[in-house]
Amino acid sequence: MSAPIDLPKWADTVLVPAVSVVAAFLVAGLVVVGIGENPLTATRLLIQGSLGSGEGLGFTLFYMTDFIFVGLAVAVAYHAGLFNIGGEGQATLAGLGVALALNNLTFLPGFLLIPLGILGAAAFGAAWAAIPGYLQARRGSHIVITTIMFNWLASVLIVYLLVNVLRAPQNMNPETPAFPPQASIPFMHEVFAAFGIEIPSSQLNLTLFLALAASYGVWLLIYRSRLGYAIRVVGSSTTAAVYAGISPARIIVIAMVLSGALAGGLAVNELMGYQHRLLLEFTAGYGFVGIAVALMGRAHPVGIILSSLLFGILYQGGAELAFEQPAITRDMVVVIGGIIILFAGALEGLFRRLVARAMPRPALARA
Amino acid sequence: QDAFKPAIVYDLGGKFDKSFNEGVHMGAEKYKKDTGTDYRDFEPQNDAQREQALRRFAREGFSPIVAVGFSQESALKKVADEFPKIKFAIIDAVVEKPNVESIVFKEHEGSFLVGLLAAKASKTGKVGFVGGMDIPLIRKFACGYVQGVKYANKNAEVFQNMTGTTGAAWADPVKGGELAKSQIDRGADVIYHAAGGTGIGVLRAAADAGKLGIGVDSNQNGLHPGKVLTSMVKRVDVATYNVFDQVKKGTFKAGINVLGLKEDGVAWALDDNNKSLITADMKAAADKAAADIKSGAIKVHDYMSDSKCPM
Amino acid sequence: MHPADFLTLLDSGLRLSVPLLAACLAGLWSEKSGVVDIGLEGKMLVAAFAAAAAAYASGSAWAGLAAGIGASVVFALIHGFAAISQRGNQIVSGVAINMLAAGLTAIVGNAWYGQGGRTPPLEGNQRFGDVLFGHSTLVFVALLAVPVTWFVLARTRFGLRLRAVGENPAAVDTAGISVTGLRYTAVVIAGVLCGIGGTYLSVGQSAGFLPNMTAGKGFIALAALIFAKWRAWPALGACFLFGLLDALSIRLQGIALPGIGEVPVQAIQALPYLMTVILLAGVIGTAIPPRASGVPYVKER
Amino acid sequence: MTSAIQLNAINKRFGAVHANKDVSLDVERGTIHGIVGENGAGKSTLMSILYGFYEADSGEIRVGGHPVSIRSPADAIRAGIGMVHQHFMLVEPLSVVENVMLGAEGGALLRKGEAKVRAELARLARDYGLQIDVDATVGELSVGLQQRVEILKALYRGADILILDEPTAVLTPAEADALFELLRALKAQGKTVILITHKLREIMAATDRVSVMRRGEMVATLETATTSPPELAELMVGRRVLLRVEKEERKPGPPLLEVSDLSVVDARGVLRVARASFTIHAGEIVGIAGVSGNGQSELLEALAGMRRPVLGTIRFEGREIPPGEHNPHRMRQLGLLHVPEDRLRMGLVPAFPAFESAVLGFSDEPQLGRGPILDHGRMVADLARKMEQYDVRPPAPRLKTSKFSGGNQQKIVLAREIERKPKVLLVGQPTRGVDIGAIEFIHRRLVALRDAGVGILLVSVELDEIMNLSDRILTMCGGQITGERRASETSEQDLGLLMAGVTEEAA
Ligand SMILES: Nc1ncnc2c1ncn2[C@@H]1O[C@H](COP(=O)(O)OP(=O)(O)OP(=O)(O)O)[C@@H](O)[C@H]1O
Ligand SMILES: Nc1ncnc2c1ncn2[C@@H]1O[C@H](COP(=O)(O)OP(=O)(O)OP(=O)(O)O)[C@@H](O)[C@H]1O
Ligand SMILES: [Mg+2]
Ligand SMILES: [Mg+2]
């Protein structure tokens, strides 16, 4: 229930999220003070570590790529009125899809293998999301609960497969053998080097462009396409959808399929772009960060790119911070993410009211 | 790169696991005390962080960089290639690169000795083993242990459990405790663990039940004085110290460095905490077996040589 | 398997089901009142940390329990404020609680003790020792919570009102009873129970806090709650069943069963989740949550 | 005479809506007092204020002659007021006993109070014939019995004054008769009853006095014995300006939509449309008059393909619609378009910009874009043109739909459907909440459409609208078509009676 407060569009899409992010950082600052560290130093290290060097920037953009995918995944479902908190599991399965495609088709050349790997990721992520979608659409099982359950099922499944089926014979770690080298998505520094431009090396790879393309695709889909129109109608008003002859059940399944496929992008970036093998826990909780990203980005691709950048800065800067100030671990980032979800998501009404109260009357009247 | 700036990347258990990682930590601390050379270290929170940490140290010119644990094998393979001038060491795995020293231990030899002691200390003729992650390395511990037990008492029964199949199995004391309890309920009165942080729960459960535990990696006799029969000490501290020292002195040699009883790489621990538990007879038997192993009179089978345990 | 094993299996199942039970009953209270709680995991985690830290500092397990409950209740009130007073999205709030708990405990733990987020090991009186049949006080507290929950819900005025408010808050409102008051009370009770569950984890079952030591127990508890169809005694049954499965999976590791061969532990670990999904899909019976759960109560004045 | 309830100058606004304007009411003790009025007249609002569910902006409430402050239902219950809401306030999974006890448990433990409830329910069963299985789960009871639980709840709390808001809307005739029996018994015991209903037959049969509300105001209070249904109908409808649309008599064309024996049940399995049969020809407006909730909504939705009928056939241009084609999409393709009753929940998407709402139901039309992509520029231009034609204010296609006033939203819906050249147009409540200027405009459009040969089915609770626009009028009551009149040969009173289910002989 959003309180019947009308804010001008710019306030709604920029000011309210900005205020909640600032508030989240203030609270996080209190946590830093609470553990006896200086929040200003921490902020400086964070910014320097993430944006202060070409290399830091590369890592920031690498993480941003991850977050764009999971943010888009949450957003697409959100537009259909669904709360997909199964990004973690869908990305995990997508990783399986990547591994199966790449390690079984090693004879293919890279220009075929890479698209097939991406396809494998999308297909497996989509399938893992389609089941909760179907259960919601046809059997009324609440998608939040089923996606939570599917997250755990995914992690159990992947452990089983990596330990018993996919593990390289000599390897003690539960991970697959390395993917064939031609299946690696080129690193950005390699690509630039090919053109004679030297940039600092980092994990950043060409998947970034895939993420940006996906953002454009999602924008086109949601805001410009007939399907996206139907998705938004279902998300906004089921009765209107029925009136319009749009089947909510069909749209729910489609939206979840798209959502799961997008979550698969995380596997593409992490595995095909960087790790070059499937290993446990490569999703590292990013699926949940996707919720924060989508909420803060107002489920709009541009907003998602911006909030992904913010979280990229947080993750990379946070890693540097953890290196420099061992008292502050990378978990700080998780805390900030949690506060942002709380503020921008659950307490949205409160912040809208605060913003409305602080705004001059005439601006509101024009809304 | 001649700069000497040592660094350590621990395994998931963290540097205070009272076990393997802590051993590395203690070796580094000792080196710091002896020479005044400081070092940097990092405790990854998940699997994906190792590579970044290794690369990060390498880029900043740290050398040597000690990667603790077999799970860093694939990460180190990559990073070692990228930084050929940096010297690396990995403990418990083999990475064949010109700039990596691989340090592995003959855990089966040490495990044999504590198995022998366990059989001698057991009143019920039943002893237990709790492993961490179910991997060949840990089966190597188990296999050596079983051989030691049977060597001392042919009819002894050995219960074996592994905690899990992922890295989480190294840090699950609750599960470790449950496994130990179940072995105790079946009659085991001495339990050896090779389970990292999980083993803390094993030793505690044994102590709580009035039975004996056997520590691993570091000397864990002091965790529950009088309740830990002994510890199978793996001198990772010495190994770490030596890596630092070799690089400092320019004697670093890439390649595989296997440390067994002969090299003092493994041992069983005897100190004030367990001296009342080890009878003179037990000590004599263990010392004799150790001498026999060194001389080759006793051949302890290495599980990893053929993925089989003859027992 | 040895016959004696069976008893120890039950014993171990009981121990492992205690945190599930506490969290499951917490969820039951909250959802009965109409407030969905997927933050059980997070509340248990902060409780586990606070309890271990307080027990370590004070030397008393009971102080740990108080701190565990206190921390969990604070998180419950955050959830209540978002869900009840601000009519925010209860699921979003729950996700936030889980993330906050996971991050905060690790950070604070690392800052205080510098051991990778762990608390120092607890000894002696810092832990709840065994009081009866080899089980600690908290086991019995959790078990006692079942009949108490059942009794209060079924037999008392407060329970009746709570059951009603989760189904139809307007009916409660028109009967002249405060919807907000009832829901806050329920959310706080959920906090207390999660506090007990978390404390048991770190100060009873093990001896100290480990980052993320709840390891999904809050979600299994949620599954158990659905499986029990939001009822107290069946919740005990479901939690015990899931605890038993856990105990079984611990023991089945690498053991070949006659006729079946080696059962992958993962298959057993997956069972609670799988059963919940199947139940929700309506294949075996149906699980109907309290009708108003997840829906903020809005009344125009 | 003693007053049970006195309301003095009650005012209540919901934002722009003035739901109660200076309403005063005096209810005598020991009587059954009826309140009638059109949809939205403010009856429920007034009673919710009396019951403390809403707080009045101003005004005074007296109970038994003493001014009381009723700020919550608890206050009302203390003052001896009980209410049976239009939508039951029952907790379905709980038992009858538990529902009756809720809020009046008589102690922290239920046991003692429960015994008292059982005894009291037994007494009430004896005294008033209110038999019920006290251990039954309320959700499993029939609607009539659920209502009985509501009444028992009020009586158990010692209510002397019982308010019933449209109690018979959901009841079968037999159940309704039993209810009135009960009300009379209550009256005989000295209780006071306030009865809100749309059915004049019930007013005449059950009440002592009756008050009429119109547009938030109390327009009259009469002795039932001295009034008549025709008089009440006129008071309800009011002397409002009748908008006479210039409309020539026209000969209807061939039949377009033939409905026979159509029966529809709602989600709860209650029969909402019972064997309705009628035909709509090209170039005629057929009006359906009826109090809302008598099956008109379900009828419209069934015809539009949104609901599957349980019985009956629909023929369009002579061809029977097979079940496989009976969906909104296909019906639109055939040329049967639909202006839904509830524009905010169905006809539009409030959160969308207007130009997107303006293609709801038609987003698959090829000319709206290229391939899978919609052409926003074209959609905006398209709506801008329509906005000009339909005088939508402000003429801003990109403005959020919810920002338009009701009348302008309605024009957007009408423009969308009418401009797609329907063969048959289903229209539900086209002028609900719409101001007089817009009403006239909408009426003209509909008549023009008819003149162009479109068959129109018009459902409205506004009698004058039906009379004004229709060529033929069907009346609906309780899901049945209760009568058919030529618009030129009937009167409001006549229709009012048919709508209320009163036959000519009874009037
Ligand atoms: N909660 C509310 N918020 C805004 N407007 C409201 C609210 N409740 C009622 N209204 C408006 O107040 C007016 C009076 O409504 P009320 O429900 O009292 O009418 P009624 O006479 O009971 O109608 P009906 O016969 O349809 O039940 C209507 O215009 C309605 O839309
Ligand atoms: N029942 C209601 N509940 C809530 N809001 C309402 C209700 N009726 C109208 N509104 C809102 O009140 C505002 C005024 O609506 P209304 O339909 O009275 O407009 P208007 O100024 O009369 O214009 P028009 O004559 O074109 O309809 C609109 O924003 C509308 O959304
Ligand atoms: Mg009403
Ligand atoms: Mg108006």
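**Notebook: strands, helices and chain contacts**

Strand 8 of chain D, residues 192–196, is mostly covered, with 5 of its 5 residues buried. Note to self: this is a predicted model.

**Entry 1, strand 8 of chain D.** I checked which way the side chains point. D:T192, D:I194 and D:I196 go one way, D:V193 and D:L195 go the other, and all of them are buried. That fits the textbook rule that side chains in a regular strand alternate between the two faces of the sheet.

Next I looked up the partners of this strand. Strand 3 of chain D (residues 32–37) runs parallel to strand 8 of chain D and is joined to it by 4 bridges. Which residue stands opposite D:L195? I found D:G34 there. Strand 7 of chain D (residues 161–165) also pairs with strand 8 of chain D in the parallel sense, over 5 bridges. Here D:I161 stands opposite D:T192.

**Entry 2, helix 5 of chain D.** This helix covers residues 143–156, and I tested its length. With 14 residues at 1.5 Å each, helix 5 of chain D should span 20 Å, and its end C-alpha atoms are indeed 20 Å apart. Is the helix enclosed or open? It is largely enclosed by the rest of the structure, because 12 of its 14 residues are buried. The buried ones include D:Q146, D:E150 and D:K153, along with D:V149, D:I151 and D:L152. After the helix comes D:G158, with a positive phi near 80°.

**Entry 3, helix 10 of chain C.** Same length test, this time on residues 232–252. The 21 residues of helix 10 of chain C should span 30 Å at 1.5 Å a residue, and the end C-alpha atoms are 30 Å apart, which agrees. Among its buried residues I noted C:A232, C:C239, C:F242 and C:R251.

**Entry 4, a helix pair in chain C.** Two packed helices are described by the angle and the distance between their axes, and I looked up both. The axes of helix 9 (residues 217–227) and helix 11 (residues 265–280) of chain C come within 9 Å and cross at roughly 40°. Helix 9 of chain C and helix 11 of chain C are therefore oblique to each other. Their crossing is left-handed. Who meets whom? C:I220, C:A223, C:I226 and C:F227 of helix 9 meet residues of helix 11 including C:P272, C:Y273 and C:M275.

**Entry 5, the chains.** Which chains share the most contacts? Chains A and C do, of the 5 pairs in contact. Chain B and chain D have no contact, and their closest C-alpha atoms lie 40 Å apart.

Key: Residues numbered from 1 in each chain as written. Chains lettered and ligands numbered in written order. Predicted model: local features only at pLDDT ≥ 70, side-chain atom pairs only at ≥ 80, totals over all residues. Heavy atoms only, no water. Buried < 20%, exposed > 50% of the residue type's maximum accessible area, 1.4 Å probe, protein only. Pairing = 2+ DSSP bridges. Expected span 1.5 Å × (residues − 1). Axes fitted to C-alpha atoms, helices over the stretch in contact; angles between N-to-C directions. Parallel < 35°, antiparallel > 145°, perpendicular 65-115°, else oblique. Left-handed = near helix turned anticlockwise from the far one by under 90°. Contact = heavy atoms within 4.5 Å.
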